[in-house]
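This briefing looks at how some helices and strands of one protein chain are arranged, and at a few side chains beside them. Please view the sequence and the structure together before reading on.

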Amino acid sequence: NYESKALKRNNHDKMLDGRQWIASLNRIISRSGLPVTLQGGEPLIHPDFVEIVNGVRSDIEIDILTNLYDKGFITKFLDIAPDRIRRDAPYSSIRVSYHPEQMNLDELIKNVLILKDRGYSIGVWSVFHPSQKEKIEKAKKKFLKAGIDFRLKEFLGEYEGKMYGHYRYKGACDKKFRKDVLCKTTELIIGPDGSVYRCTSDLYEGRDPIGSILNPSFQIEDQFRPCDWYGHCNPCDIKLKTDRFQQLGHSSVEIKGEEVENLSLEEVEEVKKTIAEFNRPI
Ligand code: SF4
């Protein structure tokens with residue numbers, strides 16, 4: 001029951017070629033609702049992107065996170081059948097991230113519509129950064145007017161001394177302590193060179209991987225692993241999210257330890273209210 005994420009760490013990593021990615025990803029036994037998510041960085045810059053998507057077993061669902069900033073990306077998508085990147089989910093399988101400070105809004109709308117009109121399951125997401133609220137609210141209206149599915153993502157992290165986001169474990173991302181815990185992930189996190197990591201923090205911080213998808217004897221083990229980096233976790237792993245039954249209170253990792261402080265049920269209820277307000281129509 002693992003969601004698989006193929007992520008990019010930095011430009012210096014050795015990248016698996018298309019043949020290696022296809023062989024590796026085809027080892028995954030998955031089920032409906034547990035997609036392989038190709039994300040980055042930018043997955044479309046991989047020279048074998050089209051071959052990878054077309055070469056992965058058809059029963060493995062694929063989601064793609066992209067910036068869609070290069071015209072050539074549209075051509076790449078057009079070499080993949082729209083139904084290959086579509087699944088039964090309450091959101092689009094191709095999720096374009098909109099960055100108001102770096103992207104031309106009208107150009108992006110045009111490019112998204114090219115793919116949408118050809119039948120691709122595509123939508124736009126934007127991180128609701130506190131410094132960009134006005135621009136993003138205006139953009140949201142434009143996307144919706146153009147008939148494009150547009151969603152907001154909570155900003156996770158620190159801005160002007162304030163920590164944003166809703167997290168399952170108190171202080172886990174604040175970098176104010178470092179403690180020993182046991183941690184178990186629900187995601188199979190794969191770096192660009194095929195290394196497999198306990199969590200996003202390990203990948204981004206360059207800590208040792210727990211294995212490699214290229215190793216034929218590598219097996220996913222549903223187990224708690226010791227970690228002495230608790231307190232320096234990545235917000236992506238700790239943020240509160242819903243499970244497949246839409247119940248809020250979960251996160252990508254589960255952490256156990258004497259000093260691990262969970263949100264109380266009352267606090268989770270408070271977060272539910274805040275998130276509902278955050279997602280209100282504008
Ligand atoms: S405790 Fe935090 S840093 Fe350690 S493995 Fe879990 S998520 Fe990663």
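## Helix α4 and its surroundings

At the start of α4, the backbone nitrogen of Asp106 has a side-chain oxygen of Asn104 within 3.0 Å. The model is a predicted one, and the points below, grouped by topic, describe helices α4 and α3, a three-stranded sheet and the histidine at position 166.

**Helix α4**

- Helix α4 comprises the 13 residues 105–117, which at 1.5 Å a residue should span 18 Å, and this agrees with the 18 Å that separate its end C-alpha atoms.
- The buried residues of this helix are Leu105, Leu108, Ile109, Asn111, Val112 and Leu115, and because they cover an arc of only 165 degrees around the axis, they lie on the same side of α4.
- These buried residues of α4 pack against two helices, α3 (71–78) and α5 (133–145), and against two strands, β4 (94–97) and β5 (122–128).
- Just after α4, Gly119 takes a positive phi of about 100 degrees.

**Helix α3**

- At the start of α3, a side-chain oxygen of Asp70 comes to within 2.6 Å of the backbone nitrogen of Gly72.
- Phe73, Ile74 and Phe77 are the buried residues of α3, and since they fall within an arc of 105 degrees when seen down the helix axis, they line one face of the helix.
- The cover over the buried residues of α3 includes α2 (49–55), β3 (62–66), β4 and also α4.

**The sheet β13-β9-β16**

- Three strands, in the order β13-β9-β16, make up an open sheet with antiparallel pairing.
- Strands β13 (225–230) and β16 (253–256) stand at the edges with a single partner strand each, so one side of each has no neighbour in the sheet.
- On average, and with direction ignored, neighbouring strands of this sheet are turned by 45 degrees against each other.
- Strand β9 (residues 179–185) is joined to β13 by four bridges, and the two strands run antiparallel; Leu182 has Pro226 in β13 as its bridge partner.

**His166**

- His166 is found in the loop that lies between β8 (162–164) and β9.
- With a relative accessible area of 18%, His166 counts as buried, because the cut-off for a buried residue is under 20%.
- The side chain of His166 makes a polar contact, at 2.5 Å, with the side chain of Glu154.

Note on methods
Residues numbered from 1 in each chain as written. Predicted model: local features only at pLDDT ≥ 70, side-chain atom pairs only at ≥ 80, totals over all residues. Heavy atoms only, no water. Expected span 1.5 Å × (residues − 1). Buried < 20%, exposed > 50% of the residue type's maximum accessible area, 1.4 Å probe, protein only. Arc of directions from axis to C-beta. Contact = heavy atoms within 4.5 Å. Polar contact = N/O pair within 3.5 Å; in protein donor to acceptor, adjacent residues only side chain to side chain. Pairing = 2+ DSSP bridges. Axes fitted to C-alpha atoms, helices over the stretch in contact; angles between N-to-C directions.
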